[in-house]
Amino acid sequence: MGPPRAPQYVAIGHVTIDLDPTTGTPRLGGTALYAALAAARFGLDAAILTRGNFEAYGSSLLEDLARFSREVAVIVQDSAVPTVFTNRTVAGRREQTIHSWAGPIDLSGLPPTWRSAPVIHFAPVAQEVDPRQASRVSPEFLGTTPQGWMRQWPRQGGRVRLIPLRLPLEFVARVDGFVLSTIEHTLARDEIEAIAQRGLVAITRGPEGATVIDRGRSYDVPAYPVPVRDDTGAGDVFAAVLFALRARREPTLWAAKMAAAAAALKVQGVGPDAVPTRAAVEAFLAQRGEQRR
């Protein structure tokens, strides 16, 4: 979807098809897409390595992918099917069903100039990225949102359930940034403890804000109350902004506030088009009397 170039932010994970739980209408999604768009709209040269097949869902999704690829370089590895999810909110919790899986992403498919990008974001949504392949990349900042390594589902498709996180110790030792939700964090205590001692960990709590731990120092970051239309991708946007700003040595608390504001703007719109720009986030914070210190 464009010539390989030397990006500043590379997200690796499935670009998914998310089906509306009421109408069945398909929309592009996935952490890699939301995160890379956030990085691009914050001024970074961003890229995605993914795997899938979007043709079966009509020309509109291909047009959307082509449109997003004008902002973000995209390499799509071949697959018979895309990864397709339906997400429902039941009693305040996300209930997720997977209908098809695009298969594992081969990190050897990264162009040489992508392997040493300043920020590389491992962004699995469905066990598609093998952390044991991390030795093939050498970023300045390695971030991950581990949710996809904590999901299990029937082979033929069906309801997704959470499982404890089990990451290789050599991979954990390389991670600089780690973002997960309050539901997931109880299943990843060992990884959180190890990374928080020397790196950056954020536990997001939706409308209750987030806790950010940077080299052992903890910050409570409140959420910004806004009307919510679609919260899909909000945590991904939060993570991308936090990774991008901390990789550039922005102060931790300010980076976390920018990330929270970006997530607040995202939830007011629908789908990837609602990912905000840096200018929009700064204006949002300025209206609330917040400024970088």
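Tutor: Helices here are DSSP runs of H or I with at least four residues, strands are DSSP runs of E with at least two, and both are numbered from the N terminus. The structure is a predicted model, in which local features need pLDDT of at least 70 and side-chain atom pairs count only at pLDDT 80 or more, while totals for chains, interfaces and linings use all residues. Residues are numbered from 1 along each chain as its sequence is written, and side-chain values use heavy atoms, with hydrogens and water left out.

Student: In what order do the strands of the open sheet stand?

Tutor: Two strands pair if DSSP finds at least two bridges between them. By this rule 9 strands form an open sheet, and their pairing is mixed. The order is β5-β4-β1-β8-β9-β13-β14-β15-β16.

Student: Which are the edge strands?

Tutor: An edge strand of this sheet pairs on one side only. That holds for the strand of residues 72-78 and for the strand of residues 217-221. The edge strands are β5 and β16.

Student: How many bridges join β4 to β5?

Tutor: β4 covers residues 46-52 and runs parallel to β5. Within this pair, G52 stands opposite D78 in β5. The number of bridges joining β4 to β5 is 7.

Student: Which residue in β8 stands opposite Y9?

Tutor: β1 spans residues 9-12 and β8 spans residues 119-122. The two strands pair in the parallel sense over 4 bridges. Opposite Y9 in β8 stands V119.

Student: How many residues of β5 are buried?

Tutor: A residue is buried under 20% relative accessible area, exposed over 50% and partly exposed in between, with a 1.4 Å probe and protein chains only. By that count β5, an edge strand of the sheet, is mostly covered. Of its 7 residues, the number buried is 5.

Student: Why is α1 described as largely enclosed by the rest of the structure?

Tutor: α1 runs over residues 31-41, and its buried residues include T31, Y34 and R41. The helix is largely enclosed because the number of its residues that are buried is 11 of the 11.

Student: Which residue with a positive phi follows α1?

Tutor: The phi in question is near 95 degrees. The residue that follows α1 with this value is G43.

Student: What distance separates the end C-alpha atoms of α8?

Tutor: α8 has 16 residues, 252-267, and 14 of them are buried. The expected span of a helix is 1.5 Å times one less than its number of residues. For α8 that gives 22 Å, which agrees with the distance in the model. The end C-alpha atoms are apart by 23 Å.

Student: Is Q127 buried, partly exposed or exposed?

Tutor: Q127 lies in the loop between β8 and β9, the latter at residues 141-144. Its phi is positive, about 60 degrees, although Q127 is not a glycine. With a relative accessible area of 31%, Q127 is partly exposed.

Student: Where is R215 found?

Tutor: R215 is a residue other than glycine whose phi is positive, near 50 degrees. R215 sits in a loop that links two strands, one of them at residues 210-214. The place of R215 is the loop between β15 and β16.

Student: Does R215 count as buried or exposed?

Tutor: The relative accessibility of R215 is 53%. The cut-off for this class is over 50%, so R215 counts as exposed.
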